[in-house]
Amino acid sequence: MKKNPLLAATALACGLAFAAPASATLTLQSGLVGGSGDVDNVIFNACGTAGTGNPVQGCLNTSHTTLVNFSSNETLNISGGGQATISAQDGTFNTISIALDDTSLGFGKLQFNLDATANGTANFQAIDQFGNVFNFNNVALNGNGNNFFTLGSLDGQVAVSFTLVSTVGISLISDLEQVRLGATEISTPVPAPAGLALMGLGLLGLGMVRRKTA
């Protein structure tokens, strides 16, 4: 079968443009990095959701229809109103995950506070909009109480889930509180500059093929 050089060149041009997989650059830092003016409080007294279960749901302070899921491998409890505290029914977490209920949304920034009863460590895992996994291991926790953290991105991309995963000393984490996030729509990946350059080379080859076959 005779190959069509025009078709082959077109496929090459498109393939080169999208060959490199997209990814975000997610970071986890201690403290309320950049302040909290660009994130919404996750509240629990305005969404009509149950206070005990798995998952439990909160919503954004500025949008009560934008629901946030908190899931675990055990029953979770919500105590207090407004920006409430989430704890495990048995008193300590094995794991807890945060994700928006609407799968078309992610978060460009997430802030939260872990209450630890003694000095220890925790492991965290974030997944970006492209399915890439970021692990943040052996993060130090202060047993005096507040442990604020900020998940962000260096390149304006978003996370779709964030999880506290099992570690040595996990039983020292008694609850999760003061969760804030900035919800944003998950955008469709576009070719990176390098991919566009390769696409240009492919299209140049396409033009040469067309001239030869003309």
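This dialogue covers the aromatic pairs and the nonpolar core of a predicted model.

Biologist: How is a pair of aromatic rings described?

Modeller: A pair is described by the distance of the ring centres and the angle of the planes. Here the rings of Phe, Tyr and Trp (its six-membered ring) pair if their centres lie within 6.5 Å, with planes under 30 degrees apart counted as stacked, over 60 as edge-to-face and the rest as tilted. By this rule there are six aromatic pairs. One of them is the tilted pair of Phe44 and Phe70, at 5.6 Å centre to centre and 45° between the planes. Phe44 lies in the loop between strand E2 (40-43) and strand E3 (52-53) and Phe70 in strand E5 (residues 63-71), so the pair ties together parts that are 26 residues apart in sequence; strands are DSSP runs of at least two residues, numbered from the N terminus.

Biologist: Is Phe70 buried or exposed?

Modeller: Phe70 is buried, with a relative accessible area of 0%, where buried means under 20%, exposed over 50% and partly exposed in between (1.4 Å probe, protein chains only).

Biologist: Which residues have the most contacts inside the largest nonpolar core?

Modeller: Nonpolar side chains tend to be buried together in soluble globular proteins. The largest nonpolar core, a set of buried Ala, Val, Leu, Ile, Met, Phe, Trp, Tyr and Cys residues joined through side-chain atoms within 4.5 Å, has 39 residues, and those with the most contacts inside it are Phe70, Phe112, Phe124, Leu151 and Leu176.

Residues are numbered from 1 along each chain as its sequence is written. Local features need pLDDT of at least 70, side-chain atom pairs count only at pLDDT 80 or more, totals for chains, interfaces and linings use all residues, and side-chain values use heavy atoms, with hydrogens and water left out.

Technical notes
Helix = DSSP H or I, 4+ residues; strand = E, 2+ residues; numbered from the N terminus.
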